[in-house]
2 protein chains.
Amino acid sequence: MTLNPRKRPFQGRAHATVEAILEASAQVIGSHGLAGFTTNAVAERAGVSIGSLYQYFASKDGLMAALIERQQARQVASVAMAISALASDASLESAVRALVRAAMQHHHDDPLLASAIDHEELRLPMDDRIGGYLEQGGALVTGLLDRFAGEIGCVDPDDAARTLPPLVRGVVDAWANLSPPQLDLAEAEATRAVLGYLRMREQGNCAS
Amino acid sequence: MTLNPRKRPFQGRAHATVEAILEASAQVIGSHGLAGFTTNAVAERAGVSIGSLYQYFASKDGLMAALIERQQARQVASVAMAISALASDASLESAVRALVRAAMQHHHDDPLLASAIDHEELRLPMDDRIGGYLEQGGALVTGLLDRFAGEIGCVDPDDAARTLPPLVRGVVDAWANLSPPQLDLAEAEATRAVLGYLRMREQGNCAS
DNA sequence: CAATAATATGAGCAAACCCTCACATCGCAT
DNA sequence: ATGCGATGTGAGGGTTTGCTCATATTATTG
């Protein structure tokens with residue numbers, strides 16, 4: 001009944017097995033949705049036996065929890081990468097654009113996987129396991145906002161850090177899931193929304 | 001293999017049965033997620049036999065498709081209601097606020113259900129069944145934007161109609177799913193984002 | 001080269017799954 | 001009242017599911 005891992009991989013090949021299982025999970029969900037996400041299907045796709053899967057994951061939900069954690073970590077890493085790659089004289093607009101691009105990558109590669117993780121994250125009790133990533137992501141955004149404190153309205157940085165990622169996510173998903181996907185518009189619209197949000201001045205209670 | 005309904009309810013009680021099944025589906029998903037969404041569980045919760053369920057829905061996926069359609073229709077209806085309830089001299093801000101509130105209702109009542117529908121909508125081939133609602137919702141938003149054409153920047157109304165609903169959705173979900181939920185901030189942040197998006201003027205290619 | 005620990009296997013069990021079908025009940029028209 | 005179509009029933013068939021465990025293979029250690 002626990003969601004925690006069952007056994008740690010000590011040797012190299014064990015680590016490779018765990019990685020193959022997680023990658024296979026992402027692929028199965030990405031192509032057949034949560035409805036096709038069965039432990040047998042994952043094992044087959046990963047090219048390992050079902051027994052191996054259950055040596056490292058205590059249950060199907062445990063596997064899902066690990067997958068969520070992996071995706072969260074990747075998301076934070078790609079945002080961090082995008083920020084650190086920013087030129088020192090970058091404009092607010094180009095900074096926002098870079099962040100939007102980073103966010104687009106994951107969600108557009110695999111909208112089925114992204115929405116599945118959204119759902120399972122709500123269902124499973126994993127507050128403690130993703131809290132850290134949320135905090136890291138928040139810190140990255142607040143750090144960036146400080147750099148452009150002059151250009152932005154009176155937003156509370158912590159609020160912005162909570163609001164912006166899901167905002168971008170929602171807009172990007174909507175445009176990217178059209179057929180055919182409208183990636184350019186997705187980027188443009190998300191950027192517009194973020195910049196509009198950041199620059200807005202409320203009706204006067206803002207210390208100019 | 002078809003997603004279409006199997007038999008139409010002619011008598012009143014049959015219609016009640018169909019409604020009970022759909023409502024039970026929403027409740028089951030809302031409390032146990034897609035993982036708990038089984039046809040037997042739905043029938044039991046609806047207080048009907050499993051046989052009755054399969055008289056009106058050809059398959060589990062067919063039931064899901066009908067549920068998605070129902071939810072979409074409700075969403076459009078509540079937005080239409082919010083718009084028509086607007087005072088004729090309402091400000092853009094109060095109009096946006098009303099729309100945000102309408103959007104908040106569904107997603108906050110049942111975030112698990114909302115995210116499940118998001119996922120299944122991607123997995124199932126139902127472009128033809130939800131296209132109409134998308135169009136209706138778009139028409140409502142463009143109509144509203146025309147009323148405030150002076151106050152807003154140079155947004156394409158069709159783009160805005162596609163961008164705004166998921167934008168609001170993302171922001172509201174993020175704030176409403178905290179524990180404890182921050183409904184006031186959800187409304188404030190979503191409103192801010194929408195107003196910022198609408199009022200923004202691009203860097204000059206806007207026919208003032 | 002043992003010997004021991006780590007890793008991998010897959011047949012298969014109990015439970016749950018989706019869905020069918022033969023039958024019972026209900027409501028309306030005549 | 002009678003007939004007939006519409007509606008409701010639920011046991012259970014055939015399949016799939018999550019998961020275990022006895023066993024085999026591979027790596028590491030002394």
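These legends accompany four close-up views of a predicted model.

**View 1. The contact between chain A and chain B.** In this predicted model, 32 residues of chain A touch 32 residues of chain B. On the chain A side, three helices each contribute at least two residues: α6 (111–123), α8 (157–176) and α9 (183–199). Helix α8(A) gives the largest share, 11 residues. Sorted by class, the chain A side that touches chain B holds 16 nonpolar, seven polar and nine charged residues.

**View 2. The symmetry that relates the two chains.** Chain A superposes on chain B after a rotation of 180 degrees, with 0.0 Å of shift along the axis. The RMSD of this superposition is 0.1 Å. The two copies are therefore related as by a two-fold rotation axis. Gly196(A) has the C-alpha nearest the axis in chain A, 2.0 Å from it. Both copies use the same surface: 100% of the contact residues of chain A recur in chain B.

**View 3. The protein surface near DNA strand C.** Strand C is surrounded by 22 residues. The closest come from both chains: Phe10(A), Ala14(A) and Gly51(A), together with Thr38(B) and Ser59(B). In chain A, helices α1 (12–32) and α3 (50–56) each give two or more residues to this surface. In chain B, helices α2 (39–46) and α3 (50–56) do so. The largest share, four residues, belongs to α3(A). The class count for the surface near DNA strand C is seven nonpolar, 12 polar and three charged residues.

**View 4. The packing of α8(B) against α9(B).** Two packed helices are described by the angle between their axes and the distance between the axes. For α8 (residues 157–176) and α9 (residues 183–199) of chain B, the angle is about 155 degrees and the axes lie 8 Å apart. Angles over 145 degrees count as roughly antiparallel, so α8(B) is roughly antiparallel to α9(B). Their crossing is right-handed. From α8(B), the contact takes in Leu164(B), Leu167(B), Val168(B), Val171(B), Val172(B), Trp175(B) and Ala176(B). These meet Leu183(B), Leu185(B), Ala186(B), Glu189(B), Ala190(B), Ala193(B) and Val194(B) of α9(B). By class, the contact of α8(B) with α9(B) comprises 13 nonpolar residues, no polar residues and one charged residue.

Terms used
Residues are numbered from 1 along each chain as its sequence is written. Chains are lettered from A and ligands numbered from 1 in the order in which they are written. This is a predicted model: local features need pLDDT of at least 70, side-chain atom pairs count only at pLDDT 80 or more; totals for chains, interfaces and linings use all residues. Two residues are in contact if their C-beta atoms, placed from the backbone, lie within 7 Å. Ala, Val, Leu, Ile, Met, Phe, Trp, Tyr, Cys and Pro count as nonpolar, Asp, Glu, Lys and Arg as charged, and the others, Gly among them, as polar. Copies are superposed by least squares on the C-alpha atoms of residues with pLDDT of at least 70 in both. A residue is near a molecule or strand if its C-beta atom, placed from the backbone, lies within 6 Å of it. Axes are lines fitted to C-alpha atoms, for helices over the stretch in contact, and angles run from 0 to 180 degrees between N-to-C directions. Angles under 35 degrees count as roughly parallel, over 145 as roughly antiparallel, 65 to 115 as roughly perpendicular and the rest as oblique. A crossing is left-handed if the near helix is turned anticlockwise from the far one by less than a right angle, and right-handed if clockwise.
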